[in-house]
Amino acid sequence: MKLSVELLERAAEFGGVKMKVFCLVCGGISLALSLAGWRLLPFDPAWIAIIMCGVPIILEAASGLIARFDIKADVLVSMALIASVLTGEDFAAGEVAFIMQLGALLEQMTVAKARAGIERLVKMTPRTARVVSGGAEKIVPAEQVLAGDMLRVLPGETVPVDGVITEGRTTVDQSVMTGESVPVDKEAGDEVFSGTINMFGGFLMRAVKVGEDSSIQRMIRLVQSADAGKAKIVRSADRWAVWVVAAALVSAAVVWIWSGEVIRAVTILVVFCPCALVLATPAAVMAAIGNAARHGFLVREGDALERLATVKRVAFDKTGTLTYGAPEVAEAVAAEGENADEVFAAAAAAESMSEHPLGKAVVQSYRKSAGDIRGMVSDFKLVPGRGVSAVVDGCRVSAGNEAMMAAESVTVPEACMCEAAVRRDSGRTVVHVARDGRYAGFLALADTVRPGAAGMIKSLSEAGVVPSLLTGDHPAPAAAIASAVGISDVSASCLPEDKMRKITAWRDGPGHVCMIGDGINDAPSLKAATVGIAMGGIGSDIAVDSADIVIVNDDISELPHLIRLSKRMMHTIKLNVIFSMGLNFTAIILAACGILNPVLGALIHNAGSVAVVVNSALLLNWKSTQ
């Protein structure tokens, strides 16, 4: 018995989209020939449609019934096919099978492509670690590191486990975990996380959390658990399949007993087949997906728009989503007796040989506002975790944090310290500048808000959707960006598990939640949300793989249109369902009275299916009027 079930399941799963298309083409041609009365073959050409389109439906129905006692719309269709064939109504059987397979094809085309987000995360997991013991250094597999082991991490390497720096200074890119746009300076006593990248200085660290307890492994488990917990929406025809099958059998039996004509019973089974109902959802979804594509959205999950229509809250990541994720110099502030333009120019020249992201941001901002960098640069020095120093046209220029100024014996005036503190409190990053040992001023760098972000947030609020901000960045920059775009609900300093915890609580509450992000640290939340939307341009591959919808051109201004489109799509689906069920009941009454035979019943179903498809196609060019 078990072997029979396995064979049925494998047979039912045979063939993908190409096979369905081939079967539909052959079935359509055969039905056309049968309708035209072509009889060159020793059998009715409709049998080609019955075999190629109908047999897979019967196998799928049998597999579900025997293996799981799962009653779907395919069960009723199979009974109608078999009854039509037994009574000699080959064309009716072939047409019902063709329409049902057409609906299955549309449905399959909306299913997401295979995703590789978890595999990408696994590939990011550090493979080896440098264990220091007794003055010797040994490279071992990362999974063999024990808590308490001393490790050395060189520039450019990935931190193998979670731990604490015991010696050295460096700058770490920890966007994997927090999404911060700016790398973080680290020194002895600071924590570092597995999967983050050591950018410049080498350091010694003590392992604290290893193996399955490390940050990167916890994130992998979060993504896996979130993906397993996301519910899938069942197609309309299968929601009421048990009742439809029961009603069809009772109606067919009553009419047979009442009229004494088996053909009327067969006709009822044919017209009861939910052909238009099967097309109601996938046809509307396909049209809505086409509309979304025109507005820059790639829908990767077939039921994503259905879920999006239920969303009452949209949670945004900050860096790379509401902002560009690349800091720019917002202002240059000069000390007393200095010139702000000269401070900016000196800092840009000194940073012109730097590979640090902040240094590159200073250089790019200067070139954007003032043109080419001037001055001969020599004797360049990079001080990990502090800043840079270089000789520019014979003048020693230092640019970095307060520790850099202290190391260069540069005294920062009290007034400048206060002004710098104000900038930091507003979420900006401060780079101090000194020339020949004398303080010159500072640069304030800030992430740039995407144009249209504030208008988009306002439109979402007007549509009854609550916007929220979830970010791993510090509270000050988070609050500054939230204020700029009009978001009042802000959660800062969030690790991936913190974001996922918030998302899960909102998702399981009275209103569903949509998460929009771009970073690797957003992947668990994108999976856990009712709908996950990733930035396609700036977004990481893992974030894109974890999302249901991708914003191809990173233009978030069209988000209100997408949400309204999803609601319009659900309205269309409801109209399709009401129409198809009304048509079914009308056809049942006519069949019971003997007015319809199986062939006419199938043709009426065909007309109903066409009407559903045409109504759904109107979504292709639908535009929001708000």
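Start by selecting strand E20 (residues 512–517), a mostly covered strand in which five of the six residues are buried. Buried here means under 20% relative accessible area, while exposed means over 50% and partly exposed falls in between, with a 1.4 Å probe and protein chains only. Helices (H or I, at least four residues) and strands (E, at least two) are DSSP runs, numbered from the N terminus.

Before you move on, a word about what is on your screen. This is a predicted model, in which local features need pLDDT of at least 70 and side-chain atom pairs count only at pLDDT 80 or more, whereas totals for chains, interfaces and linings use all residues. Residues are numbered from 1 along each chain as its sequence is written, and side-chain values use heavy atoms, with hydrogens and water left out.

**Stop 1: the neighbours of E20**

Add strand E11 (residues 311–316), which pairs with E20 in the parallel sense over five bridges. Two strands pair if DSSP finds at least two bridges between them. To find one of these contacts by eye, click valine 311, whose bridge partner in E20 is histidine 512.

Next, show strand E21 (residues 531–535); E20 and E21 are parallel too, with four bridges. Here cysteine 514 has valine 531 of E21 as its bridge partner. Now bring in helix H22 (residues 523–528): E20, H22 and E21 make up a right-handed β-α-β unit. To check the hand yourself, point the strands away from you; a crossover is right-handed if the path from the first strand over the helix to the second runs clockwise.

**Stop 2: the largest nonpolar core**

Which residues touch the most other members of the largest nonpolar core? Select Val314, Phe316, Ile549 and Leu559, out of 46 residues in that core. A nonpolar core is a set of buried Ala, Val, Leu, Ile, Met, Phe, Trp, Tyr and Cys residues joined through side-chain atoms within 4.5 Å. Helix H24 (residues 559–592) gives the most to this core, contributing eight residues.

Zoom in on leucine 559. Leaving aside residues up to four places away in sequence, leucine 559 touches Phe297, Val314, Phe316, Met456, Leu460, Ile516 and Ile533. Contact means heavy atoms within 4.5 Å. Apart from this core lies another, of 26 residues, including Leu358, Ala361, Ile373 and Val397.

**Stop 3: the six-stranded sheet**

Display the open sheet of six strands ordered E12-E17-E16-E15-E14-E13, where the pairing is antiparallel. Its edge strands are E12 (323–334) and E13 (377–383), each pairing on one side only. From one strand to the next, the twist averages 20 degrees.

Within the sheet, pick strand E15 (residues 395–400) and strand E16 (residues 429–435), an antiparallel pair with four bridges. Alanine 399 stands opposite valine 433 in E16.

Now add helix H15 (residues 340–351), which lies across E12, E13, strand E14 (387–392), E15, E16 and strand E17 (438–449), and runs at about 80 degrees to E17. Axes are lines fitted to C-alpha atoms, for helices over the stretch in contact, and angles run from 0 to 180 degrees between N-to-C directions.

**Stop 4: an aromatic pair**

The structure holds one aromatic pair. The rings of phenylalanine 344 and tyrosine 366 have centres 5.1 Å apart and planes at 85 degrees, so the pair is edge-to-face. Rings of Phe, Tyr and Trp (its six-membered ring) pair if their centres lie within 6.5 Å; planes under 30 degrees apart count as stacked, over 60 as edge-to-face and the rest as tilted. Phenylalanine 344 belongs to helix H15 and tyrosine 366 to helix H16 (residues 357–370), 22 residues apart.

Are these two rings' residues buried or exposed? Phenylalanine 344 counts as buried at 12% relative accessibility, and tyrosine 366 counts as buried at 4%.

**Stop 5: back towards the N terminus**

Select strand E9 (residues 203–209). Strand E3 (residues 150–153) runs antiparallel to E9 and is joined to it by four bridges, while strand E4 (residues 162–167) pairs with E9 in the antiparallel sense over five. Click methionine 205 in E9: leucine 151 stands opposite methionine 205, and isoleucine 165 has methionine 205 as its bridge partner.

**Last look: the whole chain**

Zoom out to take in 25 helices and 22 strands. Of the 626 residues of the chain, 51% count as buried.
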